Amino acid sequence: MTIFPVKVKPNSQQQSIEEQPDGSLTIHLKSPPVNGKANQELIILLAKKFKVPKSAIGIKSGFSSRNKLVEIPIEPLTLK
C-alpha cells in the first residue's frame, strides 16, 4: 500500500492528473465538490490510472478538503 498527497481542483474544464516534483499529484476534476461527487470522480480516475479496483482506493484524510491523503495498493515506484 502506498499513501501519497493529492491536491484536488474541482469544477475544472477537463480531467487531468499532474505529478508534482515532490511526488504528490494534482488532479483536475469536472465534478463540483457537492455531496461527495468530486471524491467519487477522484476514486474512478485513480482506479483507471493505476489499474486497480475502485474499492481498493481509500481517502485516508481530507474528505471535505482539496488536500487529501489517498491510499492505493501499489508499489511506490509505479507512481511514475
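The largest pocket here holds about 170 Å³ of space, a volume being the space filled by probe spheres set on grid points joined across faces, edges and corners. This is a predicted model, where local features need pLDDT of at least 70, side-chain atom pairs count only at pLDDT 80 or more, and totals for chains, interfaces and linings use all residues. Residues are numbered from 1 along each chain as its sequence is written, and side-chain values use heavy atoms, with hydrogens and water left out. Beyond the pocket, the thing to look at is an open sheet of five strands with mixed pairing.

**The pocket**

- A pocket is an open set of points on a 1 Å grid over the protein atoms alone, where a 1.4 Å probe fits, with protein on both sides within 12 Å along at least five of seven lines; lining residues have an atom within 4 Å of a point.
- The largest one has 13 lining residues, and Pro33, Ala38, Phe63, Ser65 and Lys68 sit nearest its centre.
- Helix H1 (37-50) chips in three residues, the most of any contributor to that lining.
- By class, the lining splits into six nonpolar, four polar and three charged residues (nonpolar: Ala, Val, Leu, Ile, Met, Phe, Trp, Tyr, Cys and Pro; charged: Asp, Glu, Lys and Arg; polar: the others, Gly among them).

**How the sheet is put together**

- Helices (H or I, at least four residues) and strands (E, at least two) are DSSP runs, numbered from the N terminus, and two strands pair if DSSP finds at least two bridges between them.
- Reading across the sheet, the order is S2-S3-S1-S5-S4.
- S2 and S4 (58-61) are the edge strands with a single partner each, so each has one side without a neighbour in the sheet.
- On average, neighbouring strands are turned by 35° against each other, direction ignored (axes are lines fitted to C-alpha atoms, for helices over the stretch in contact, and angles run from 0 to 180 degrees between N-to-C directions).

**S1 and its two partners**

- Strand S1 (residues 2-9) runs parallel to S3, with four bridges between them; Val6 faces Leu25 of S3, and Val8 is bridged to Ile27.
- With strand S5 (residues 67-72), S1 pairs antiparallel through six bridges, and Phe4 has Val70 as its bridge partner there.
- S1 has one covered face, made of Thr2, Phe4, Val6 and Val8, while Ile3, Pro5, Lys7 and Lys9 make up the uncovered one.

**S3 and its hairpin with S2**

- Strand S3 (residues 25-28) is covered on both faces: Leu25 and Ile27 on one side, Thr26 and His28 on the other, are all buried (under 20% relative accessible area; exposed is over 50%, partly exposed in between, with a 1.4 Å probe and protein chains only).
- Strand S2 (residues 16-19) runs antiparallel to S3, joined by four bridges, and Glu18 has Thr26 as its bridge partner.
- Five residues separate the strands of this hairpin, where Gly23 has a positive phi near 95°.

**Two asparagines with positive phi**

- Asn11, in the loop between S1 and S2, has a positive phi of about 60° despite not being a glycine.
- Asn35, in the loop between S3 and H1, also isn't a glycine but has a positive phi of about 55°.
- Asn35 is exposed, at 71% relative accessible area.
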